[in-house]
Amino acid sequence: MTEAASRPTLEAVAARAGVSRATVSRVVNGGDGVREPLAERVRRAVEELGYVPNQAARSLVTRRHDAVAVVIAEPEARVFADPFFALQLRGISKELTAHDNQLVLLLTEGRADHARVARYLAGGHVDGALVFSLHLDDPLPGLIRDAGVPTVFGGRPGWGEDTRAADPGVVYVDCDNRGGARAAVRHLLGLGRRRVAHLTGALDQTSAVDRLDGYRDAMAEAPGASDPRLVVESDFTPSGGERAMRELLERCPDVDAVFAANDLTALGVLRVLRESGRRVPEDVAVIGFDDMLPVTEQADPPLTTVRQDIEGMGRLMARLLLRGLAGGRGRERPAAGAAGAPAAGTILPTTLIRRASA
C-alpha cells in the first residue's frame, strides 16, 4: 500500500465523527456554522486518525496559504554573518509558528533577484510579505506594490520626503533611531568628551540617516563641538568600522569619543583603538547601537550601546501582517501601500545600556 493510500481521508474523519463530509471540511478549514459539540467530535476524530489536511485543497476553500515571505534586501553572505538578521528572523519565526504559518525566506543578491522575488510574490504562493533592510534606490517596494501582496516593512521606508504622503498605505515597524543616537551622544558629552566622532552606517539606509541626524542634534547642543571631520561613513560591518576608525585617527588624532552606528561597527573601532595603543574608555569612550548579545558583553571592554528590541520588532511585524490578513478575505484585501489602505508606522523605544566602554 502506498503512503498516499494509507493516509486518512476527509471521508474517514466524517465516518469516525458521525457527521457529513461538508461538516468536517468546515471545521478543518476554520469555517463557521458548526455547533460546538459537532466541532469537538470532528477535532477528536482528526486527532485519533492523524488526519492532515491537503494544503492545496484547503487553499482553494480558504484562499489562504498559511505562508509568509520574508524578504531581506541583502546578499546571503551579509545575512548569515550579521546577528541582527538572526534576531529579527527569530522574532518573525516565533510569531508565525504560533499562528501555524510557514516562513519563506527570500534574499536579494543583486538586481536580477528583484524580478525573481517580484514574480514569486505575484504568483500567489504566499499570503503576505515582511520586507526589511531596504536601500534608498531599492526597486522592491514598487515591485511588491505592483504584485498586490499585503506587506509590512521593517525600518522606516525612505521613498519620498514624507513617507505617508508618498505612500499613504505603508505599514512599517522601526525603532527610535534618531532619539537613541541623541541619547548616546548626550551621554558622551555628559562625560566631558568634546571630540565626539560618529562612524555612520550605510547612508543609503534610513536607519543610518536617522542615527546621523540624532548625532548632529546632540552635537548642536554643545557649542563649538561640531566638526564635519568627525563624521566618517562606514557600512554597519566590523571591517567597515576598522577602515573608518583608521581614517578618523588620521583626520582627528585628538578624538576622545566615538558613537558607532551599530555594535558590529563598534567592534571594528575597538580593534583599531587597541592596535593604536588607545585605552577604552580612558582615552577614547565608545558607544554602539543595537545591543546584540553576546556581541556587546564579549567585547573588550564590554560595550555601552543603545538597545533596540530586534526580536520584538520581528514579532510585531509578523503580528501586524497576520492581523491585517485576518481582517480581509484572500486577494480582496488591500495591500499595504495600496490607495485607500490605512497608514501605520510603529516606532519602538530605545534605551541606553551602560557598560565599561563609556
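**Exercise 1.** Locate serine 133 in this predicted model, then decide whether it is buried or exposed.

*Solution.* Step 1: find the neighbouring elements. Serine 133 sits in the loop between strand S3 (128-132) and helix H9 (140-147). Step 2: check the backbone. Its phi is positive, about 65°, although serine 133 is not a glycine. Most residues other than glycine have a negative phi. Step 3: apply the cut-off. Buried means under 20% relative accessible area. Serine 133 has 12%, so it is buried.

**Exercise 2.** Treat aspartate 290 in the same steps: which element holds it, and is it buried or exposed?

*Solution.* Step 1: aspartate 290 lies in strand S9. Step 2: its phi is near 130°, a positive value in a residue other than glycine. Step 3: the relative accessible area of aspartate 290 is 3%, so it is buried.

**Exercise 3.** Work out which strands stand at the edges of the six-stranded open sheet.

*Solution.* Step 1: write the order, S7-S6-S8-S9-S10-S12, with mixed pairing. Step 2: read the ends. Strands S7 (231-232) and S12 (351-353) each have a single partner strand, so one side of each lacks a neighbour in the sheet. Step 3: inspect one pair. S10 (residues 304-307) and S12 run antiparallel, joined by three bridges. Valine 306 stands opposite leucine 352 in S12. Step 4: add the helix. H11 (residues 177-190) packs on the sheet and touches S6, S8, S9, S10 and S12. Its direction makes about 165° with that of S9.

**Exercise 4.** Where does proline 281 lie?

*Solution.* Step 1: proline 281 is in the loop between helix H14 (263-275) and S9. Step 2: the peptide bond from valine 280 to proline 281 is cis, with omega near 10°.

Definitions and conventions. Residues numbered from 1 in each chain as written. Predicted model: local features only at pLDDT ≥ 70, side-chain atom pairs only at ≥ 80, totals over all residues. Heavy atoms only, no water. Pairing = 2+ DSSP bridges. Helix = DSSP H or I, 4+ residues; strand = E, 2+ residues; numbered from the N terminus. Contact = heavy atoms within 4.5 Å. Axes fitted to C-alpha atoms, helices over the stretch in contact; angles between N-to-C directions. Buried < 20%, exposed > 50% of the residue type's maximum accessible area, 1.4 Å probe, protein only.
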